[in-house]
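Me: Please take a close look at a single part of this model and describe what packs against it and what opens beside it. I would like the cut-offs stated as you go.

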Amino acid sequence: MNWYRISKYNPEFRDETGRYLRDEWTSVSDIGQSFDGIALDPPTYLATEMAYVCSVREFMVDAGVTSLRVASLEPPPDLDPLWEYGLPDGKELAPLARELRDGTELDGTKLDQVLRLELREVLWCRLESPGRFVVNTGHDYYLHIGTAALSERAIAKTHQLGLFVHEAPDLIPEAE
């Protein structure tokens, strides 16, 4: 598999050791706080979240994958992050967060919603098409994708979405 790390962090702002030098938001819990003098508001957060979801979809297209299976689900301790930050879709996402189980096959809107739940740190799971495709969310708004497909098109689309793609051969392939 080819492994990639997707992020909103521009590599131009990393030092020689890879440490990120800018003050930027890293979580849904940062909504309402200011970074470099700019407050993170719900619309800005949601636009970034949508870019991540679209990026996953682009990589799925290249892999020829239309659905992903839930694996290694860590159920939410609570659903507070859905209500705390002024995002409009908590009511819509809460039932899915409660009903999700290992082995659930997701496509379309349900897949997008689970990606949002993960990016908001409501729950964590691996989303996979065994042998073809894996998605893991990480801390600080990083996303990890493993794919058996060549992904130049998806990488270019991800850049157009304002996100950055780094090859990440050091990622541990949990689901290969």
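Reply: What follows starts with one helix and then turns to the pockets and a loop. The model is predicted, so local features need pLDDT of at least 70 and side-chain atom pairs count only at pLDDT 80 or more, whereas totals for chains, interfaces and linings use all residues. Residues are numbered from 1 along each chain as its sequence is written, and side-chain values use heavy atoms, with hydrogens and water left out.

The part in question is helix α1, residues 42-63, whose axis comes within 8 Å of that of helix α5, residues 152-160, and crosses it at roughly 165°. The two helices are therefore roughly antiparallel (the term for angles over 145 degrees; axes are lines fitted to C-alpha atoms over the stretch in contact, with angles from 0 to 180 degrees between N-to-C directions; helices are DSSP runs of H or I of at least four residues, and strands are E runs of at least two, numbered from the N terminus). The crossing of α1 past α5 is right-handed, the near helix being turned clockwise from the far one by less than a right angle. On the α1 side, S55, E58, F59, V61 and D62 make the contact, and they meet E152, R153, A154, I155, K157 and T158 of α5, contact meaning heavy atoms within 4.5 Å. Five of these residues are charged, four nonpolar and two polar (Asp, Glu, Lys and Arg count as charged; Ala, Val, Leu, Ile, Met, Phe, Trp, Tyr, Cys and Pro as nonpolar; the others, Gly among them, as polar).

Helix α1 also takes part in the second largest pocket, to whose lining α1 and β3 (38-39) each supply at least two residues. This pocket holds about 260 Å³ of space (a pocket is an open set of 1 Å grid points where a 1.4 Å probe fits, with protein on both sides within 12 Å along at least five of seven lines, and lining residues have an atom within 4 Å of a point; the volume is the space filled by probe spheres on the points). Its lining includes D23, W25, F35, I38, A39, T44 and T48, and by class there are five nonpolar, five charged and two polar residues.

The largest pocket, by comparison, has a volume of about 350 Å³; of its 18 lining residues, E121, L123, W124, T137 and H139 are closest to the centre. Two or more lining residues come from each of α4 (108-119) and β7 (133-137). In the loop between β6 (124-129) and β7 sits G131, which touches M1 and A148, leaving aside residues up to four places away in sequence.

Methods:
Parallel < 35°, antiparallel > 145°, perpendicular 65-115°, else oblique.
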